[in-house]
Amino acid sequence: MSFLSDAYTIWAREMIRFWRQRARVISSLAMPFFWLVFIGYGFGGSLKLPGMDYTKFLAPGVVGMSILFTGLFTGLSVIWERQFGFLKEMMVAPVSRTSIMLGKTLGGATIAVLNGLVMYIIASAMGMIDFTIALGVPLVFMALTALCFVSIGLMMASRMRNFEAFQALMTFLIVPTMFLSGSLFPLASTPGWMQAVSYADPLTYGVDGLRGALLGASYHSLWVDFWLLSAFAVFFLLLGAHYFRKSAN
Amino acid sequence: MPVSAIEVSGLSKHFGSLKAVDSVSFSVAEGEIFGLLGPNGAGKTTTISMLATMLFPSNGKAKVAGHSLEDHDAVRNSIGIVFQDPSLDDELTGMENLMFHARIYHIPRKERGPRAMEVLKLVGLEDRASSLVKTYSGGMKRRLEIARGLMHKPKILFLDEPTLGLDPQTRRAVWDQVRTLNKKHGVTIILTTHYMEEADQLCDRIAIMDHGRIIALDTPDKLKASLGGDVITILTPDAGKLEKCLQVKAPATIKQVDGGLVVTSKRGDKAAPKILSIAHNRGIRVDSINVKKPSLEDVFIQHTGRSIREREASTTEVMRAVYNTGWGK
């Protein structure tokens with residue numbers, strides 16, 4: 001049982017920190033918020049999608065993007081803690097590496113989902129998307145997406161020692177992941193090669209699932225989204241745990 | 001026969017071709033304050049990192065509190081460690097840092113609060129327990145780290161450069177706390193330091209390290225006595241010539257160091273004028289001469305031919321090179 005309670009301790013610390021730094025964390029929502037406003041209203045007028053407004057189409061994409069950003073940047077906190085020492089306090093304690101990894105992953109994922117939710121509330125407050133409190137299915141997709149990208153972020157962080165390298169890599173990771181996921185435009189109208197590559201992007205299924213759940217219109221079926229996204233999440237969780245254990249020794 | 005808190009035999013750590021720790025052996029008795037003294041990069045931190053199960057040894061064996069290093073959790077439960085670099089969470093309060101520690105060390109819920117108050121009192125931080133750590137001064141942070149290291153009542157406490165970067169007054173306060181812990185609470189203490197005075201004042205026994213090896217190990221008094229008398233330091237551009245002249249004359253040990261000679265003599269006050277007159281007669285210029293009771297610094301010079309300060313510049317470069325190859329901390 002101590003395995004889970006240790007992970008809980010690590011998670012609880014992340015929550016306290018999140019709450020203390022909420023201003024900083026909320027400011028990380030600025031980027032997706034600007035996308036929502038400027039891309040949404042900017043292209044919204046000239047882009048005609050079959051059956052729905054572009055702003056409506058974009059909103060779940062931006063929710064997914066905010067989860068992508070906050071999820072990946074969880075890795076940054078690990079590099080930070082390595083540089084400034086707190087990681088050692090955990091590493092020298094009689095707790096397993098896996099429970100540290102699990103606690104950090106769940107902590108990061110919780111924060112990413114909270115950010116996604118805030119984006120959803122903003123989008124619905126702006127009238128871009130209908131507001132509902134029946135968020136069970138969307139939350140499942142948000143959580144799975146968050147787990148995927150938090151794990152990827154932690155995996156990167158465990159291989160890296162400095163912020164600059166991490167930032168550089170993030171640029172190369174974030175931009176293609178974002179555009180290839182169909183967050184900003186429908187995949188159906190893209191060239192065949194782009195659609196093909198999009199199948200390898202976990203965010204594709206996260207955003208598509210969100211769209212299916214929130215708007216009732218998706219590219220793949222909801223179950224396909226669910227299973228593929230789950231498979232990605234499990235794969236990256238295991239890979240992340242593996243790298244984290246290795247880097248710890 | 002005293003019980004060993006720590007037994008180390010042939011412990012080594014290699015980073016590529018660099019032998020950070022090269023087959024060191026020693027034992028620490030229960031209730032002792034044991035010091036690892038040496039310049040930066042001598043392998044002190046690497047040694048205690050291995051003993052604290054933070055690093056796998058490349059070779060050799062060690063037992064900590066009766067547990068072999070492979071038995072991670074048993075070792076980790078019986079030791080506390082205060083790192084050289086701060087390892088507190090700045091965004092949490094002092095109390096929250098202690099509570100986090102209590103939980104990951106599985107201290108029963110009921111004991112956490114009283115235990116935290118106890119260790120906070122010990123380091124005099126009970127008033128600041130609910131302030132965020134980022135508002136603490138450097139000395140307060142170090143004291144909080146010591147308090148945290150004691151939360152789970154370890155039998156052995158590792159202190160890695162406990163007073164690095166602290167002002168003299170805070171340094172003395174930390175020394176007092178270390179002594180109290182040791183005398184009143186019976187905690188065995190192993191500390192690393194490159195401050196001679198710290199090792200001299202605080203430690204029951206000292207292992208002097210250089211280039212990953214232990215070059216001398218004894219009580220501070222015996223180490224100093226091993227030099228065989230007073231230390232005479234002579235600055236001269238003609239060290240080689242003077243050494244030859246003195247070798248014929250005096251029953252003393254002579255060693256060349258950068259920029260001069262170090263001569264050890266039972267009666268330094270009498271030997272110094274003799275040395276000067278010999279130098280004068282042979283026409284050797286002497287820029288300065290200094291006689292003093294031996295310090296640990298002199299012991300280090302005796303064994304390595306250099307002072308700890310001089311060693312530092314070069315070892316910093318070595319460490320930087322190691323860091324750049326990607327080994328990190």
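**Exercise 1. Find out how chain B is divided, and how far apart the parts sit.**

Let's start with the split: chain B has domain 1, covering 4-223, and domain 2, covering 228-293. Keep in mind that you're looking at a predicted model.

Next, the spacing. Taken over C-alpha atoms, the centres of domain 1 and domain 2 of chain B lie 41 Å from each other.

Now put a box around the whole chain. Along the principal axes, the C-alpha atoms of chain B take up roughly 80 × 45 × 40 Å.

Last step, count the building blocks: chain B holds twelve helices and 14 strands. As for burial, 42% of its 329 residues count as buried.

**Exercise 2. Work out the strand order of the four-stranded sheet in chain B, pair by pair.**

Step one: take β12 and its partner. β12(B) is joined by five bridges to β13(B), residues 260-265, and the two run antiparallel. A handy landmark here is B:I254, which sits opposite B:V263 in β13(B).

Step two: move on from β13(B). Six bridges pair it with β11(B), again in the antiparallel sense. Look for B:I232, whose bridge partner in β13(B) is B:V263.

Step three: go to the other neighbour of β11(B). That is β14(B), joined to β11(B) by five bridges and running antiparallel to it. Here B:I234 has B:I289 of β14(B) as its bridge partner.

Step four: string the pairs together. You get an open sheet with the order β12-β13-β11-β14 in chain B, paired antiparallel. The edge strands are β12 (253-257) and β14 (288-292) of chain B, each pairing on one side only. From one strand to the next, the twist averages 15 degrees.

Step five: add the helix. α10 of chain B, residues 268-282, packs on this sheet and touches β11 (230-235), β13 and β14 of chain B. The direction of α10(B) makes about 25 degrees with that of β11(B).

**Exercise 3. Describe the six-stranded sheet of chain B and the helix that lies across two of its strands.**

Begin with the order, which is β6-β7-β8-β3-β9-β10 in chain B. This sheet is open as well, and its pairing is mixed.

Then check the ends: β6 (79-82) and β10 (213-218) of chain B are the edge strands, so named because each pairs on one side only.

Zoom in on one end. β9 of chain B, residues 205-210, pairs with β10(B) in the antiparallel sense over five bridges. Within that pair, B:I208 stands opposite B:A216 of β10(B).

Finish with the helix: α5 of chain B, residues 138-150, lies across β6 and β7 (156-160) of chain B. The angle between α5(B) and β6(B) is about 170 degrees.

**Exercise 4. Decide whether B:Q177 is buried, partly exposed or exposed.**

First, locate the residue: B:Q177 belongs to helix α6 of chain B, residues 168-185.

Second, count its neighbours. B:Q177 has 19 C-beta neighbours inside 10 Å. A buried residue needs 20 or more, and an exposed one has 12 or fewer. So B:Q177 counts as partly exposed.

Third, see what is around it. Leaving out residues up to four places away in sequence, B:Q177 touches B:V123 and B:I146. B:R143 is 34 residues from B:Q177 in sequence, with 8.9 Å between their C-alpha atoms.

**Exercise 5. Characterise the side of chain B that touches chain A.**

Count first: 22 residues of chain B are in contact with 20 residues of chain A.

Then ask where they come from. On the chain B side, the elements giving two or more residues are α2 (72-78) and α3 (94-104) of chain B. The largest share, four residues, comes from α3(B).

Now sort them by class: this side of chain B has eleven nonpolar, four polar and seven charged residues.

**Exercise 6. Say how confident the predictor is.**

Take the complex first: the predictor gives it an ipTM of 0.84 and a pTM of 0.80.

For chain B, the average pLDDT is 85, and 92% of the residues score at least 70.

Now for a weak spot. Over residues 325-329 of chain B, pLDDT stays under 50. For that stretch the model has five contacts beyond four places in sequence.

Technical notes: Residues numbered from 1 in each chain as written. Chains lettered and ligands numbered in written order. Predicted model: local features only at pLDDT ≥ 70, side-chain atom pairs only at ≥ 80, totals over all residues. Axes fitted to C-alpha atoms, helices over the stretch in contact; angles between N-to-C directions. Contact = placed C-beta atoms within 7 Å. Nonpolar A, V, L, I, M, F, W, Y, C, P; charged D, E, K, R; others polar. pLDDT = per-residue confidence, 0-100. Domains from an automatic or database assignment.
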